[in-house]
Amino acid sequence: MLKSNSKNGFSERLVVLMQQKQLTFAQIANAVGKSAPSVHRWANGGEIDYENLRVLADFLEVNWIWLRYGDDAIQSMQDVTQGQSQSAMTDIRRKYLTEIMESEARMKLTLEMAKIVSWEWNVLTGSITFSDNAKQVFGIEPEQIRAKFLPFEDMLLEDLIDQFNVTTPPNWEFSLNDSKTNEERWFNSRGMLVKDSMQRPSKLMAISADITDRKRAEKALEFSDLMMRNMIDIIPVGLCGADKDGHIQLLNPEGKRIWGGERYVDLDKYGEYKGWKEADGNELGAEGWALARAVKHGEVVAKEIVNIQAFDGEKRTIVMYAMPMLDADKNIIGAIEVNQDITEAKNLERAYKSGLQNWDAIFSQQDYGMMVLKGFDKIEAVNKKIAETCDKNEPEILKRGLEAVFGDETCRRIRDLLSKVEKGVVSTHRLTAEVKEYSPAGKEHTLLTGEILLFADARDADQLKTTIMIVR
């Protein structure tokens, strides 16, 4: 009987028996009711289940325990059962074999559920054998992708020993394209070099696991991280981030522009960033910044206007917001502050307020009559000088329109001129006009010829506004 005790000796014993009995794969397949490829797989190290093992052993006329496990298993059974009654020996043998088969079944099921393939590479002969689930897991005969499993196959023996002579088994990864979905699938392999009694490498025992889900998660996380970093870099607001101790870790490009530089300081050094509250002019100091309040006290800060002096000396106005970052247990692990540069808007606001003050001064003066038109002839406002000239109160003038101030011909010319004003621009026009002036002595209105200036604002396509000044 063939002497072989390794687990994979099953395939060796099967091949030797076929040679001794001069059997072909087809003959065995026909006898045991399986396909020839199945028998071929058994002969190349593939797994065989209990039922098929018993049928195969009966056909080959050998002990099925020996066929599967070799001489050592037979000897172990004899040692265990020596001195026992036949009945007791049968019970022990049954229990012993049942435990072995159940253990192997559990291991096989575990590997299949986890999409893990076990395999062995004979370093000396170059043969490689796989567990039965290999094709199912890889979607292809594993021999067709041999190089994926053995990227080190052409190494010198000394280099191979060096690579695997480590405490932790080496890892290597490879990818395959799924023939059905054309999607990329990833696998991780880990192996251990087994040596013989002379400490020479004899085989590599390894497993390969499907890690596609993990790879996809890693790629999704990588994409999300890249997208987040790009968003941080391009958003038109300054973004500043600190860790749980308040140390500034992040300042995006817009933040650096706003502050004219960058300083990654600790919480007690926040005072290096100079700012004063718009509301009361008080300096913020180290404690007043929204970032400090968020990281120290968990405060959410919304829309506080601050005037700052940047590191480059420029004075700017910002709106600051902040919120703490919390973990699952509601502990503060950091904070984010957002700075929106509103310097230009503030300057426009100040200019607008200044312009309104100047306009009020001009409109209220007593040297020239002033009025504001909406559209072609609807009067919105007149100053006191026009009311005195026409001897009419403002509500009456607003009700009657241009005819309350100017002669008919002048009214027609004003309307005609405004109907031709170019859209989207501000233009100035000068006209000779007939103004209605009231004479207290004669108690009547007379038409006096003079000049008027028209400032037509057509920037709003839906609303023409015109200021008329009587300068006669």
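## A tour from a strand pair to two helices

Begin by selecting Leu431, which stands opposite Ile452 in strand S15, and keep in mind throughout that this is a predicted model. Widening the selection to residues 426–439 and 444–457 brings up strands S14 and S15, which pair in the antiparallel sense over 14 bridges.

Keep Ile452 selected and turn to strand S16, where the bridge partner of Ile452 is Ile470. Showing residues 465–470 displays S16 as a whole, and S15 and S16 run antiparallel, joined by six bridges.

Next, select residues 290–297, helix H14, which is mostly covered, with six of its eight residues buried. These buried residues are Ala290, Leu291, Ala292, Arg293, Ala294 and Val295. To see what they pack against, add strands S6 (238–243), S7 (248–251), S9 (301–309), S10 (315–326) and S11 (332–341), together with helix H13 (285–288). Stepping past the end of H14 brings you to Gly298, whose phi is positive, near 70°.

Finally, move to helix H1, residues 9–21, where the 13 residues reach 18 Å from the first C-alpha to the last, close to the 18 Å expected at 1.5 Å a residue. Within H1, colour Gly9, Phe10, Ser11, Arg13, Leu14, Leu17 and Met18, which are buried. An α-helix has 3.6 residues a turn, so residues three or four places apart point the same way. The cover over the buried residues of H1 includes helices H2 (25–32), H3 (36–43), H4 (50–60) and H5 (64–69), which can be shown alongside. The tour stops at Gln22, which follows H1 and has a positive phi, near 55°.

Conventions: Residues numbered from 1 in each chain as written. Predicted model: local features only at pLDDT ≥ 70, side-chain atom pairs only at ≥ 80, totals over all residues. Heavy atoms only, no water. Helix = DSSP H or I, 4+ residues; strand = E, 2+ residues; numbered from the N terminus. Expected span 1.5 Å × (residues − 1). Buried < 20%, exposed > 50% of the residue type's maximum accessible area, 1.4 Å probe, protein only. Contact = heavy atoms within 4.5 Å. Pairing = 2+ DSSP bridges.
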